[in-house]
Amino acid sequence: MARRIIICDGAESARLWSRTGADELEVLTWIPREDESRARPSGFKILQGGLEEEAIAKLEPTPEDEYALVSDDGPWTRLAVREIRKLDKGASILVLSDSLTEDDLPEHPSLRRTGWKTLIRDDINEEFGHLANLQRVVEIRELLGTREKVGILLQPDPDPDGIASAYALRYLLGRKRTTAPLMSFGQVQRPENQALCDAIGIEVRVITPEELNEFDALVLVDVQPNVFGDHPPERLKQPDVVIDHHPERPGYSATIKDLRVSYGATASILTEYLRATKTEVNAKLATALLYGIKSDTQYLGRQTSDRDMLSFAYLHASHSPALLRRIERPALPIDGLKALGRALATTDVRDGINILVLGRVREDVIPQVADMALQAEGAEWSIAVGTVGRNLVFSVRNVGYVRAAGDVVRAVVEGLGVGGGHRSMAKGIIPLKAFRQVYGRADRNQIRSALYDAFVRAINDTGDEF
Ligand SMILES: [Mn+2]
């Protein structure tokens, strides 16, 4: 178990530390000032031998241990950092001081300064949390710093969480698309995901497994090698870095693995990296990460941890609402708007159901119309239907306190097509051919009345008779 080695400069700081309630993993030491040798603060031991490498070595620190230096004295603190570094060049060090500024402190990559007020326990845990993230970033930067070309690999058909996280990692590494491209074995497909790339200016390169060998380092983000099948390309079995929130999978070894299964999104991990390193987060980056968390947690719904909430709140302060809107509501094509106009002309809410039949439209128009149709007065369900290629495609929304949309859509398409979804959002596809076989025609009126009847049946079916 990693310990926290606390070294206090004088009795006063040690007393304050002990008064706020020390943690059992903490090794409490202090160095008396003049005339203080008999004023032992409770729970603290004198660091025998003073502020020196040998004295600290007697505490038998391991590389996992973290340090806190409590002092308002610049020379004392600089000396302490120097002696600790002799023992462990990469040690994590937290400096607690109100009067020292960053300029008073020595250069050390894994060092953070915070004020006395963080001696209140929740804050100090938070600070150590930042410190652990900082240490992780230092390790990643060290590992990848000398590599010329770093490939950042996402799952095939990358999702917003993966795309935003990879983009943030590249930013954190201070690299450009030429030296750290975002890559996938498959294209970005869903319109919202493409909208994210367009709005932020992110390019995801589609590559073949052979092309992995062109890179001097390989980083997997929001994904682990098993996603690429039971026999992934050899290069994938030894990535340099894996950052993910999915359960750990066997069959590969990575130099650095940061897997946080309790997190709802990888974007929350990257947000913590950015915070810990005090990296400035611009509006584009904040918006991308915010959208990544939002979409992976279904707007902070299921599988959301406190960590996701904190990151979301942090990003919210600097994101761009206009940019987020552009991603979530991609521009409607003019003929889509005309189709919407025709459908709206005959809109009618019956039994809480609002069905809009759009005719032939671009597929991404359909979910946007379904979102809007739910706003009709009295509507508990909205269904937007369009013809795409040889299929009827429909998006379904509900107000949330009724039967789950996914279940309803599965019942509606049973024996006809495919469909599914979540509590309040779902999608279905019925081939026109199958529709005609059952209902004869596939004109607007027929589509509307057939779907209306099918939805009324499915919504009111509680499943009890089975
Ligand atoms: Mn994810």
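Q: What sign of phi does Lys-278 take just after α7?

A: In this predicted model, the residue Lys-278, just after α7, takes a positive phi of about 50 degrees. Lys-278 is a residue other than glycine with a positive phi.

Q: Where does Lys-278 sit, and is Lys-278 buried or exposed?

A: Lys-278 lies in the loop between α7 and α8. A count of 12 or fewer other C-beta atoms within 10 Å makes a residue exposed. Lys-278 has 10 such atoms within 10 Å, so Lys-278 is exposed.

Q: Which value does phi of Asp-157 take, and where is Asp-157 found?

A: Asp-157 is also not a glycine, and its phi is positive, near 50 degrees. Asp-157 belongs to the loop between β7 (150-153) and α5 (160-172). Its C-beta neighbours inside 10 Å number 15, so Asp-157 counts as partly exposed.

Q: How should I read the burial of a helix, and how many residues of α7 are buried?

A: The general idea is periodicity: an α-helix has 3.6 residues a turn, so residues three or four places apart point the same way. For the case here, 10 of the 11 residues of α7 are buried, so the helix is mostly covered, since a residue with 20 or more other C-beta atoms within 10 Å of its own is buried. The buried residues are Thr-266, Ala-267, Ser-268, Ile-269, Leu-270, Thr-271, Glu-272, Tyr-273, Leu-274 and Ala-276.

Q: At what angle do the axes of α7 and α8 cross, and which residues make the contact?

A: The axes of α7 (residues 266-276) and α8 (residues 283-296) come within 8 Å of each other and cross at roughly 145 degrees. The crossing of α7 past α8 is left-handed. On the α7 side the contact uses Ala-267, Ser-268, Leu-270 and Thr-271, and on the α8 side Leu-289, Gly-292 and Ile-293. Sorted by class, this contact has 4 nonpolar residues, 3 polar and no charged ones.

Q: How do I read strand pairing, and in what order do the strands of the sheet with β1 lie?

A: Strands of a sheet pair through backbone hydrogen bonds, either parallel or antiparallel. One open sheet here has 6 strands in the order β3-β2-β1-β4-β5-β6, with parallel pairing. Its edges are β3 (45-46) and β6 (111-114), each with a single partner strand, so one side of each has no neighbour in the sheet.

Q: How many bridges join β1 to β4, and which helix lies across β1?

A: β1 (residues 4-9) and β4 (residues 66-70) pair in the parallel sense over 5 bridges. Within that pair, Ile-5 stands opposite Tyr-67 of β4. Helix α1 (residues 11-19) lies across β1, β2 (26-31) and β4, and runs at about 140 degrees to β1.

Q: Which way do the residues of β11 point, and how many bridges join β11 to β10?

A: In a regular strand the side chains alternate between the two faces of the sheet. In β11 (residues 241-244), Val-241 and Ile-243 point one way, Val-242 and Asp-244 point the other way, and all are buried. β11 runs parallel to β10 (residues 217-221), joined by 3 bridges. The bridge partner of Val-221 in β11 is Ile-243. β11 also pairs in the parallel sense with β12 (residues 256-259), over 4 bridges, and Val-242 stands opposite Lys-257 in β12.

Q: In what order do the strands of the sheet with β14 lie, and which helices lie across its strands?

A: This is an open sheet of 6 strands, in the order β13-β14-β15-β16-β18-β17, and its pairing is mixed. β13 (349-350) and β17 (418-421) are the edge strands, each with a single partner, so one side of each is left without a neighbour in the sheet. β14 (residues 353-360) and β15 (residues 381-388) run parallel and are joined by 6 bridges, with Leu-356 opposite Ala-384 in β15. Helix α14 (residues 432-439) lies across β16 (391-398) and β18 (425-431), at about 75 degrees to β18. Helix α15 (residues 444-460) lies across β14, β15 and β16, at about 145 degrees to β14.

Q: How many helices and strands does the protein have, and is the protein spread out or compact?

A: The protein has 15 helices and 18 strands. Its radius of gyration is 29 Å, well over the 23 Å that the globule rule gives for 466 residues, so the protein is more spread out than a compact globule. The C-alpha trace spans about 95 × 50 × 45 Å along its principal axes. Of the 466 residues, 38% are buried.

Conventions: Residues numbered from 1 in each chain as written. Predicted model: local features only at pLDDT ≥ 70, side-chain atom pairs only at ≥ 80, totals over all residues. Axes fitted to C-alpha atoms, helices over the stretch in contact; angles between N-to-C directions. Helix = DSSP H or I, 4+ residues; strand = E, 2+ residues; numbered from the N terminus. Left-handed = near helix turned anticlockwise from the far one by under 90°. Contact = placed C-beta atoms within 7 Å. Nonpolar A, V, L, I, M, F, W, Y, C, P; charged D, E, K, R; others polar. Pairing = 2+ DSSP bridges. Rg over C-alpha atoms; globule rule 2.2 N^0.38 Å.
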